[in-house]
Amino acid sequence: MHTTPHTRRTLLPAALALLALAACGETITDPDGDDKRGAAKPVEIGQVVTDTVDPPIDALDWKIIQLPAQGFLTVNVFWDDPSIDGSVELVDKYGITVREVPRDPSVDNDQITVRAEEASFYFVRVESKNGKSVYSVRAELAADGD
């Protein structure tokens, strides 16, 4: 196909406009893929899992904790930058919030302890509304009476 200078001047802006529109339709997704409860990353009892929140793209992470028995579940989230504006939430297997703790910048960790009535699983929702931080999650299970 033979093009004239006039055709090239007309086609080039149109092509650039189409590329710009295509780029605008692109969705930005969470880089580590754990921004939904169904994609929660496991935290084993007694182990430490480290991750990062970095809004706006990676502002929310979900973790899942499998409990082998009933007892007292304690979840600690330790922050490298405790000054971030965020929260930690413990959610039951049905998606109902059991407890939520807002980020307290005067301490470097958030802790939630609940009595688990049965062997089950819980989710931990870690969110930063403002500020980037590496954090570590540790879950402990103490038997009734310990």
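Starting at the N terminus, the elements of the protein chain follow the order α-β-β-β-β-β-β-β-β-β. That comes to one helix and nine strands. The model is a predicted one. Color the chain by burial and 33% of its 146 residues count as buried. A contact map is useful beside the viewer: of the contacts between residues at least 6 apart in sequence, 74% join residues at least 24 apart.

**Stop 1: the four-stranded sheet**

Select strands 2, 9, 4 and 7. These four strands make an open sheet in the order 2-9-4-7, with antiparallel pairing. Strand 2 (48-53) and strand 7 stand at the edges; each has a single partner strand, so one side of each has no neighbour in the sheet. From one strand to the next, the twist averages 20°.

Now keep residues 71-79 and 133-142 in view. These are strand 4 and strand 9, which run antiparallel and are joined by eight bridges. To fix the register, pick Val75, which stands opposite Ala139 in strand 9.

**Stop 2: Asp110**

Move to Asp110, in strand 7. Is Asp110 buried or exposed? Its relative accessible area is 3%, and because buried means under 20%, Asp110 counts as buried.

Show the residues around Asp110. Leaving out residues up to four places away in sequence, Asp110 touches Val75, Asn76, Val77, Trp79, Val88, Val101, Pro102, Arg103 and Asp104. Val75, one of these contacts, is the residue seen at the previous stop opposite Ala139.

Which side chain makes a polar contact of 3.0 Å with that of Asp110? Select Arg103: the side chains of Asp110 and Arg103 are joined by this contact. For a backbone distance, pick the C-alpha atoms of Asp110 and Ser87, which are separated by 8.4 Å although the residues are 23 apart along the chain.

**Stop 3: a charge over a ring**

Select Arg115 and Phe72. The charged end of Arg115 sits over the ring of Phe72, at 5.9 Å from the ring centre.

**Stop 4: the five-stranded sheet**

Hide the first sheet and show strands 1, 3, 8, 5 and 6. They form an open sheet in the order 1-3-8-5-6, and here the pairing is mixed. Strand 1 (41-42) and strand 6 (97-102) are the edge strands, each pairing on one side only.

Within this sheet, select residues 60-66 together with residues 121-130. The former are strand 3 and the latter strand 8. The two strands pair in the antiparallel sense over seven bridges. A register point for this pair is Gln66, opposite Phe121 in strand 8.

**Stop 5: the aromatic cluster**

Keep strands 3 and 8 in view and turn on side chains. Searching the whole structure gives three aromatic pairs. One of them is Trp62 with Phe123, an edge-to-face pair with 6.2 Å centre to centre and 85° between the planes. This pair links distant parts of the chain, with Trp62 in strand 3 and Phe123 in strand 8, 61 residues apart. Trp62 and Phe123 are both buried.

Add Phe121. The ring centres of Phe121 and Phe123 are 5.5 Å apart and their planes stand at 90°, so this pair is edge-to-face. Trp62, Phe121 and Phe123 together form one aromatic cluster.

Which of the two Phe residues is buried, and which is partly exposed? Phe123 is buried, with a relative accessible area of 7%, whereas Phe121 is partly exposed, at 26%.

What lies over the face of Phe123? Select Arg37, found there at 5.3 Å from the ring centre.

**Stop 6: Ser120**

Step back along the chain to Ser120, in the loop between strand 7 (109-116) and strand 8 (121-130). Despite its place in a loop, Ser120 is buried, with a relative accessible area of 9%. Setting aside residues up to four places away in sequence, Ser120 touches Ile65, Gln66, Leu67 and Lys93. Gln66, among these contacts, is the residue already selected opposite Phe121.

**Stop 7: a cis peptide**

Finish at Pro55 and Pro56. The peptide bond from Pro55 to Pro56 is cis, with omega near 10°. Pro56 is found in the loop between strand 2 and strand 3.

Key:
Residues numbered from 1 in each chain as written. Predicted model: local features only at pLDDT ≥ 70, side-chain atom pairs only at ≥ 80, totals over all residues. Heavy atoms only, no water. Buried < 20%, exposed > 50% of the residue type's maximum accessible area, 1.4 Å probe, protein only. Contact = heavy atoms within 4.5 Å. Pairing = 2+ DSSP bridges. Axes fitted to C-alpha atoms, helices over the stretch in contact; angles between N-to-C directions. Polar contact = N/O pair within 3.5 Å; in protein donor to acceptor, adjacent residues only side chain to side chain. Phe/Tyr/Trp six-rings, centres within 6.5 Å; stacked < 30°, edge-to-face > 60°. Lys NZ or Arg CZ within 6 Å of the ring centre and 35° of its normal.
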